[in-house]
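Visitor: I would like a close look at the empty spaces inside this protein, and at what surrounds them. Could you take me through them slowly?

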Amino acid sequence: MAELVPELTRIAAFSDSGAGGNPAGVWIGDTLPAAEEMQRIAAEVGFSETAFAAPIPDSDIYHWRVRYFSPAAEVPFCGHATIATGVALAKRFGEGEYKLQLNQADIVVSGWQDSSGAWQAALQSPATKSQPASEEIVEKALRLFGYTAADLDPRIPPALIHGGADHLVLPLKERTALAAMHYELAQGRALMQTYSWVTILLVYTEGEQLFHTRNPFAYGGVYEDPATGASSAAFAGYLRDINWPHGGAIEIIQGEDMGMRSLIRAEIKDEPGSAIRVSGQARLMA
């Protein structure tokens, strides 16, 4: 491969009909910068995540080393930045499947243009797992947002979920409770860093295959994400674990309460712990 001139692009992942989505930076170059430099660039870009990608030596164009940085910290996996990376790679090197070597897992992402010319991407998440959340942890999280146990949806218990990164999920009984979400950023960051939760996922169930979510990302110094592929994959895996009637796929609407409506699709295989296919549209930003 010829030497790559470093390039930084901005792409909104999981957009809905050409609008909304979650902006991510994607840096592509011949070799990854030092961690301190990637952290500086991510803070300068200012999006919730910037992905950094470089080709793996002695391999072909379809094998890449990828790391993810928020403005405040490195994270092990980010779904929306992976979708953005898939589109950036497809746009620069051709449509198809790319293998990504992350800090803690190897995954694949595909990027392509559909018949309308819109960019699409799909990723296969790392393995998923879940476990019940203790009463103490749930109480701390409810107190952060000003909720009580009466606000929880009894059909889906709170849980610690994982699909490349750790999250806490709190299913809410009413859509109005989701819309009313608020918290103090410093308190949220302290709680998330204590338990190594990359986000807290708040969920309202509209139907067996349709969910509305909000994702505080105080761990990375961001109040809220408008679309979060990593937590969506982890949540889809959790639904499989509790035998939820997902029918093989779910759709997640996120960012609506922020005025940045995003649409995420997650496909669920039967095998426990297996990867979740997360897909969506992406729009190129100026």
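Guide: Happily; here is a walk through the pocket, the cavities and the charged pairs around them. Please keep in mind that this is a predicted model.

Let us begin with the open space. The largest pocket holds about 170 Å³. Its lining is made up of Glu7, Thr9, Arg10, Ile11, Ile28, Ala88, Lys91, Arg92, Leu284, Met285 and Ala286. Two elements give two or more residues to that lining, strand S1 (7–15) and helix H2 (79–93). S1 has the largest share, with four residues. Sorted by class, the pocket lining contains six nonpolar, one polar and four charged residues.

H2 deserves a pause here. The helix has 15 residues and spans 21 Å from its first C-alpha to its last, close to the 21 Å expected at 1.5 Å a residue. Most of H2 is covered, with 12 of its 15 residues buried. Among those buried residues are Gly79, His80, Ala84 and Ala88, and Ala88 is also part of the pocket lining. Just after the helix, Gly94 adopts a positive phi of about 120°.

Now to the enclosed spaces. Two cavities of 30 Å³ or more are found in the structure. About 70 Å³ of space lies in the largest cavity. Its lining has 14 residues, and Glu49, Val198, Thr199, Asp225 and Thr228 are the ones nearest the centre. H2 appears again, since H2 and helix H6 (229–241) each supply at least two residues of this lining. The largest share, three residues, belongs to H6. By class, the lining of the largest cavity has five nonpolar, seven polar and two charged residues.

The second largest cavity has a volume of about 40 Å³. Around this cavity sit Arg175, His212, Thr213, Arg214, Glu224, Ile253, Gln254, Gly255, Glu256 and Asp257. Strand S13 (210–217) and strand S15 (249–254) are the elements that give two or more residues to this lining, and S13 provides the largest share, three residues. The class count for the second largest cavity is one nonpolar, four polar and five charged.

Those charged residues lead on to salt bridges. Side chains of opposite charge can pair when their charged atoms come close. Glu224 and Arg214, both in the lining of the second largest cavity, form a salt bridge whose closest N and O atoms are 2.8 Å apart. This pair links distant parts of the chain, with Glu224 in strand S14 (residues 222–225) and Arg214 in strand S13, 10 residues apart. Both Glu224 and Arg214 are buried. Three other lining residues, Arg175, Glu256 and Asp257, belong to a network of salt bridges that also includes Asp16 and Arg261.

For contrast, consider a pair elsewhere. Glu44 forms a salt bridge with Arg40, the closest N and O atoms being 3.1 Å apart. Both residues lie in helix H1 (residues 35–45), four residues apart, about one turn of the helix. Glu44 counts as exposed because its relative accessibility is 61%, over the 50% cut-off. Arg40 is partly exposed, with a relative accessible area of 40%. Across the whole structure, a search finds 14 salt bridges.

Note on methods: Residues are numbered from 1 along each chain as its sequence is written. This is a predicted model: local features need pLDDT of at least 70, side-chain atom pairs count only at pLDDT 80 or more; totals for chains, interfaces and linings use all residues. Side-chain values use heavy atoms; hydrogens and water are left out. On a 1 Å grid over the protein atoms alone, a cavity is a set of points where a 1.4 Å probe fits but cannot get out, and a pocket is an open set with protein on both sides within 12 Å along at least five of seven lines; lining residues have an atom within 4 Å of a point. Grid points are joined across faces, edges and corners, and a volume is the space filled by probe spheres set on the points. Ala, Val, Leu, Ile, Met, Phe, Trp, Tyr, Cys and Pro count as nonpolar, Asp, Glu, Lys and Arg as charged, and the others, Gly among them, as polar. The expected span of a helix is 1.5 Å times one less than its number of residues. Buried means under 20% relative accessible area, exposed over 50%, partly exposed in between (1.4 Å probe, protein chains only). A salt bridge is a side-chain nitrogen of Lys or Arg within 4 Å of a carboxyl oxygen of Asp or Glu.
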